[in-house]
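Trainee: Could you take me through one part of this protein in close detail? I would like to settle on a single residue and see what surrounds it, with enough of the whole to place it.

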Amino acid sequence: MTRDNREIVLSAWRAFANHDLERIAAYFTEDAEWLAPAGNATAVALDVPSHMVGRSAIAQFIANDFPRLFARDVSVSFRGVYAEGDRVIVEETMSATLANGNSYVNDYCFIFELQEGLIHRVREYMDTARGHRMVFTEVLRTD
């Protein structure tokens with residue numbers, strides 16, 4: 001089952017990248033939770049909760065809200081994917097161009113908990129201070 005859970009999570013990441021609401025929702029249990037640090041830059045900038053509950057809320061965020069901030073050139077470099085039983089840990093670096101034109105590069109760790117082949121809970125960790133600097137600091141332009 002460990003190998004299958006790893007593949008489920010990696011397949012979910014591919015679905016996230018396509019921003020297809022229905023395809024994303026299909027990876028989560030009805031009562032899934034996504035927990036990120038309170039007050040993280042993404043939640044603040046988009047005025048969304050840092051603790052999302054329900055497959056619909058999570059899919060809405062990934063498909064529609066996320067691209068409003070991370071506007072283009074989004075890429076994810078996986079540094080490690082570890083599976084043990086019903087848990088899959090993903091270490092990654094995400095980079096993007098933000099809607100305000102700033103560059104964004106931050107390291108993340110996600111802990112996925114699965115139930116019967118679906119994602120039930122995601123705990124997200126990142127450098128919140130670094131995220132705030134990139135999202136809320138004006139870039140000095142020399143035009």
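Mentor: Happy to! Let's begin from the outside: the accessible surface of the protein comes to about 7,700 Å², and carbon and sulfur atoms hold 50% of that. Please keep in mind that this is a predicted model.

Buried residues account for 43% of the 143 residues, and the part I would pick for a close look is Glu92. This residue sits in strand S4, which covers residues 87-98. Glu92 is buried yet has no salt bridge. Its nearest side chain of opposite charge is that of Arg79, 9.4 Å away; a salt bridge here would need a side-chain nitrogen of Lys or Arg within 4 Å of a carboxyl oxygen. Leaving aside residues up to four places away in sequence, Glu92 touches one run of neighbours made up of Val76, Ser77, Phe78 and Arg79, another that includes Asn106, Asp107 and Tyr108, and also Phe110 and Trp13. Arg79 therefore appears in both roles, as a residue in contact with Glu92 and as the owner of the nearest opposite charge, where contact is counted for heavy atoms within 4.5 Å.

For the charges as a whole, the protein has 14 positive and 21 negative ones, and their mean positions lie 4 Å apart.

Now let's place strand S4 in the fold. The protein has five helices and six strands, arranged along the sequence as α-α-β-α-β-α-β-β-β-β-α. The radius of gyration is 15 Å, close to the 15 Å that the globule rule gives for 143 residues, so the protein is as compact as a globular protein of that length. The C-alpha trace spans about 55 × 30 × 25 Å along its principal axes. Of the contacts between residues at least 6 apart in sequence, 52% join residues at least 24 apart.

Two other buried residues make good companions to Glu92. Asn5 belongs to helix H1, residues 2-18, and counts as buried because its relative accessibility is 0%. Beyond its close sequence neighbours, up to four places away, Asn5 touches Gly85, Asp86, Val88 and Leu114. From Asn5 to Phe16 there are eleven residues in sequence and 16 Å in space, C-alpha to C-alpha.

Thr42 lies in helix H3, residues 41-46. Its relative accessible area is 12%, so Thr42 is buried, the cut-off being under 20%. With residues up to four places away set aside, Thr42 touches Val48, Phe61, Leu69 and Phe70.

Methods:
Residues are numbered from 1 along each chain as its sequence is written. This is a predicted model: local features need pLDDT of at least 70, side-chain atom pairs count only at pLDDT 80 or more; totals for chains, interfaces and linings use all residues. Side-chain values use heavy atoms; hydrogens and water are left out. Helices (H or I, at least four residues) and strands (E, at least two) are DSSP runs, numbered from the N terminus. The radius of gyration is taken over C-alpha atoms; the globule rule is 2.2 Å times the number of residues to the power 0.38. Buried means under 20% relative accessible area, exposed over 50%, partly exposed in between (1.4 Å probe, protein chains only). Accessible areas come from the Shrake-Rupley method with a 1.4 Å probe; for residues, only the protein chains shown count as cover. Lys and Arg count as positive and Asp and Glu as negative; His and the chain ends are not counted. The place of a charge is taken as NZ of Lys, CZ of Arg, CG of Asp or CD of Glu.
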